[in-house]
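User: I'm new to this one and would like to get my bearings. Can we go through it with a few questions?

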Amino acid sequence: MKITKAEFVISAVKPQQFPDDALPEVALAGRSNVGKSSLINRMIERKNLARTSSQPGKTQQLNYYRVNDKLYFVDFPGYGYAKVSKRQREEWGRIAEQFLQTREPLKLLILIVDIRHPPTEDDRLMYHWLKHYRIPVCVVATKADKIPRGKWDKHVKIAKETLEADPRDPFVLFSSETGKGRDELWAIIAEATDLNLE
């Protein structure tokens, strides 16, 4: 995927702020500090377009990034951060649920987990919630460069078993440092959005 244009569009906190140009949308969800911003930056070949928060769990907006004027990446607030209040967790759930159930341009959700550790209970709940609502999902396991190549298969197996993942759902091993998995993930996005991303 050759990136000719990538831009931050809006941090939306309510549906009235969502873009209305009907471009396909690919959402990204995962717990705080799992590497969502780094993944976006690697996918669009920009160093700092997606900003990492200095206060994990504080961001409650949906951050929209337009890529090549063909699709949006929609970066969800991170979940599962211990210092976030119950009210903030409920607010996150409300925003996420409303978006995922009603957003017509949404074509795929990328659920990001950390390959170094088994998925958390929050990850598992999110995955099963997506399956319940029949939202197309691709699991991406980040930080592949942090564990030896010889242990990749073992860690992937643990992640799939912990999530109780449907074998039909794509699973991508990814590294924002090395770019591993980038082409594979773009191919999955192209198929889900029915776009020629050349």
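User: Let's start with aspartate 183: is it buried or exposed?
Analyst: Keep in mind that this is a predicted model. The relative accessible area of aspartate 183 is 56%, and the cut-off for exposed is over 50%. That makes aspartate 183 exposed.

User: Which residue does aspartate 183 meet in a salt bridge?
Analyst: Look at its side chain: there is an N to O distance of 3.8 Å in this salt bridge. A salt bridge needs the nitrogen within 4 Å of the oxygen, and the pair qualifies. The partner is arginine 182.

User: And is arginine 182 buried or exposed?
Analyst: Here the relative accessible area is 8%. Buried means under 20%, so arginine 182 counts as buried.

User: Arginine 182 also meets glutamate 45 in a salt bridge. How many residues apart are they?
Analyst: The N to O distance in that salt bridge is 3.5 Å. Arginine 182 belongs to helix H5 (residues 182-193), while glutamate 45 is in the loop between helix H1 (36-43) and strand E3 (62-67). The pair links distant parts of the chain, and the separation is 137 residues.

User: Which residue forms a salt bridge with glutamate 164?
Analyst: The closest N and O atoms of this pair are 3.4 Å apart. Glutamate 164 sits in the loop between helix H4 (152-163) and strand E7 (171-173), and its partner is 40 residues away in helix H3. That partner is partly exposed, with a relative accessible area of 25%. It's arginine 124.

User: Where do the buried residues of H3 fall, seen down its axis?
Analyst: Asp123, Met126, Tyr127 and Leu130 are the buried ones in H3. Seen down the axis, they fall within an arc of 95 degrees, so they line one face of the helix.

User: What span should H3 have, given its 12 residues?
Analyst: H3 covers residues 121-132, and we reckon with 1.5 Å a residue. The expected span takes one less than the number of residues. The end C-alpha atoms of H3 agree with the expected value, which is 16 Å.

User: Over to the strands: which residue in E3 is the bridge partner of glutamate 7?
Analyst: Strand E1 (residues 6-12) and E3 pair in the antiparallel sense over 6 bridges. Glutamate 7 also belongs to a network of salt bridges with Lys5, Asp21, Arg66 and Asp69. Its bridge partner in E3 is arginine 66.

User: What residue takes a positive phi in the hairpin of E3 and E4?
Analyst: E3 and strand E4 (residues 71-75) pair in the antiparallel sense over 5 bridges, with valine 67 opposite leucine 71. There are 3 residues between the strands, and the one with a positive phi near 55 degrees is asparagine 68.

Terms used:
Residues numbered from 1 in each chain as written. Predicted model: local features only at pLDDT ≥ 70, side-chain atom pairs only at ≥ 80, totals over all residues. Heavy atoms only, no water. Helix = DSSP H or I, 4+ residues; strand = E, 2+ residues; numbered from the N terminus. Buried < 20%, exposed > 50% of the residue type's maximum accessible area, 1.4 Å probe, protein only. Arc of directions from axis to C-beta. Pairing = 2+ DSSP bridges.
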